[in-house]
Amino acid sequence: MRWQGQAISTDDGALPGLELPGLRDAGLLRTVRSPEFAGVTFHEVLAKSALSKVPAASQMPFRWTVNPYRGCSHACYYCFARNTHEYLDLDAGHDFDSQVVVKVNADQVLRAELAKPSWSHEPVALGTNTDPYQRAEGRYRLMPGIISALADSGTPFSILTKGTLLRRDLPLLVEAAQKVDIGLGVSLAFADTPSGKELQQAVEPGTPTPRARLDLIRAIRETGLPCGVMVAPVLPWLTDSLAHLERLLDDLVEAGATGVTVLPLHLRPGAREWYLGWLGRSHPHLVEGYGRVYARGAYAHKGYRDWLWERVRPLIRERGLGGAAMHRTGAASDGAAGEQHTEQHAEGDYPRGAFTGVRSDGAGAASLGAEVGSETLF
């Protein structure tokens with residue numbers, strides 16, 4: 001059944017989601033399936049608000065986000081947003097990948113919120129929870145309205161994505177950049193090699209290939225807009241080899257990336273169980289090692305983080321991909337000409353070009369330190 005055949009507010013007892021209290025509370029309008037998106041169910045909701053305020057204790061360098069979708073067909077096993085689906089009476093595993101909530105009025109609600117006299121025009125971040133350019137955006141086209149609303153109101157914004165659909169909106173983003181500061185970021189942690197592509201398709205099966213994302217970076221830069229790259233997550237024993245990191249960073253230089261941030265995998269509840277389940281099926285010999293690296297919770301053992309940073313820091317410096325990241329002070333750190341940042345990247349650090357502002361309270365990411373770890377610990 002296609003969209004036009006599935007009437008608004010029709011409950012025939014067959015469509016999933018209509019009976020779930022969490023979705024009804026979210027403003028469920030209708031639930032849709034279509035052969036155009038085999039295996040994915042869309043739950044269209046009328047959102048009461050579009051702007052989400054980030055908790056004051058957050059390490060992120062921004063206070064406001066917009067997330068037009070909940071759940072994501074990119075299906076990344078490691079996605080930290082997985083457990084948010086449980087608030088909708090859906091599970092953090094398969095449901096997160098296949099039951100996508102769409103805020104069909106997000107652009108209209110956002111425009112109204114930005115028009116309020118109380119709005120202070122602080123930077124707004126998109127792509128911090130689920131990807132705004134996942135496949136559903138090809139159908140719902142919410143991002144053009146969101147981009148226009150932000151630019152017309154004089155609100156700076158940033159977008160982080162794995163989705164090559166962003167190319168569709170490049171003319172609009174160029175126009176928006178004439179009105180406000182914008183930052184663009186692409187997430188890519190897999191090298192464009194046969195083994196890198198094979199792993200990418202296994203661990204994030206709904207995402208564009210490494211080559212497609214490199215082409216996206218190149219297309220962004222050809223417009224004159226900036227594009228920082230999140231090399232995240234680096235997967236212990238799978239994507240942390242010197243050869244893999246060198247190839248990936250070389251490709252990012254060639255594509256024109258303005259900067260990179262390199263972050264190891266972290267495993268929050270929901271993502272932890274889903275990713276480790278995949279690891280046990282695909283790479284059972286690594287399960288014991290992951291148990292040591294992530295024994296203390298969501299974040300990798302400090303020894304591993306330090307070891308990875310000591311490996312990647314000279315690679316970043318040699319390629320001119322450091323500097324001007326958003327760091328824990330919440331301010332851009334440009335440094336003297338020719339200098340590159342030597343501080344270890346932490347959650348909340350954005351690469352040069354991917355972010356456009358600072359939190360008014362000056363908060364940002366906490367430093368993880370930079371002591372040399374030992375590879376033999378793991």
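Here are some notes on the sheet, a few of the helices and two buried residues in this predicted model.

1. **The sheet.** A good place to start is the open sheet, built from seven strands in the order S3-S4-S7-S8-S9-S10-S11, with mixed pairing. At its edges sit strand S3 (51-53) and strand S11 (259-264), each of which pairs on one side only. From one strand to the next, the twist averages 25°. As background, strands of a sheet pair through backbone hydrogen bonds, either parallel or antiparallel.

2. **Two parallel pairs.** If you want to trace the pairing by eye, try strand S7 (residues 124-126) and strand S8 (residues 157-161), which run parallel and share three bridges. Start from Ala125, whose bridge partner in S8 is Ser158. S10 and S11 also pair in the parallel sense, over five bridges. There, Gly228 has Gly259 of S11 as its bridge partner.

3. **The edge strand S11.** Is this strand enclosed or open to the outside? Although S11 is an edge strand that pairs on one side only, six of its six residues are buried, so S11 is largely enclosed by the rest of the structure. In a regular strand the side chains alternate between the two faces of the sheet. You can follow that here: Gly259, Thr261 and Leu263 point one way from S11, while Val260, Val262 and Pro264 point the other way, and all are buried.

4. **Helices across the sheet.** Two helices are worth a look alongside these strands. Helix H8 (residues 210-222) lies across strand S9 (182-187) and strand S10 (228-234), and its direction makes an angle of about 160° with S9. Helix H9 (residues 242-255) lies across S10 and S11, running at about 165° to S10.

5. **Helix H10, a helix with two sides.** Helix H10 (residues 271-282) has 12 residues and spans 16 Å from its first C-alpha to its last, close to the 16 Å expected at 1.5 Å a residue. Its buried residues are Ala271, Tyr275, Trp278 and Leu279. They cover an arc of only 100° around the axis, which puts them on the same side of H10. The general rule is helpful here: an α-helix has 3.6 residues a turn, so residues three or four places apart point the same way. Glu273 and Arg281, on the other side of H10, are exposed. What do the buried residues of H10 pack against? Their partners are helix H7 (194-203) and helix H11 (287-293).

6. **Asn105, a buried polar side chain.** Asn105 lies in the loop between strand S6 (99-103) and helix H3 (106-114). With a relative accessible area of 10%, Asn105 counts as buried because that value is under 20%. A polar atom of the Asn105 side chain lies 2.8 Å from the backbone nitrogen of Ala47. Setting aside residues up to four places away in sequence, Asn105 touches Val45, Leu46 and Ala47.

7. **Pro144 in helix H5.** Lastly, have a look at Pro144, which lies in helix H5 (residues 143-152). Pro144 is buried too, with a relative accessible area of 17%. Apart from neighbours within four places in sequence, Pro144 is in contact with Glu137, Arg168, Asp169 and Leu172. Pro144 and Leu170 are 26 residues apart in sequence, and their C-alpha atoms are 10.0 Å apart in space.

Note on methods: Residues are numbered from 1 along each chain as its sequence is written. This is a predicted model: local features need pLDDT of at least 70, side-chain atom pairs count only at pLDDT 80 or more; totals for chains, interfaces and linings use all residues. Side-chain values use heavy atoms; hydrogens and water are left out. Two strands pair if DSSP finds at least two bridges between them. Helices (H or I, at least four residues) and strands (E, at least two) are DSSP runs, numbered from the N terminus. Axes are lines fitted to C-alpha atoms, for helices over the stretch in contact, and angles run from 0 to 180 degrees between N-to-C directions. Contact means heavy atoms within 4.5 Å. Buried means under 20% relative accessible area, exposed over 50%, partly exposed in between (1.4 Å probe, protein chains only). A polar contact is a pair of N or O atoms within 3.5 Å; within protein, one must be able to donate a hydrogen and the other to accept it, and residues adjacent in sequence count only if both atoms are side-chain atoms. The expected span of a helix is 1.5 Å times one less than its number of residues. The arc is that of the directions from the helix axis to the C-beta atoms.
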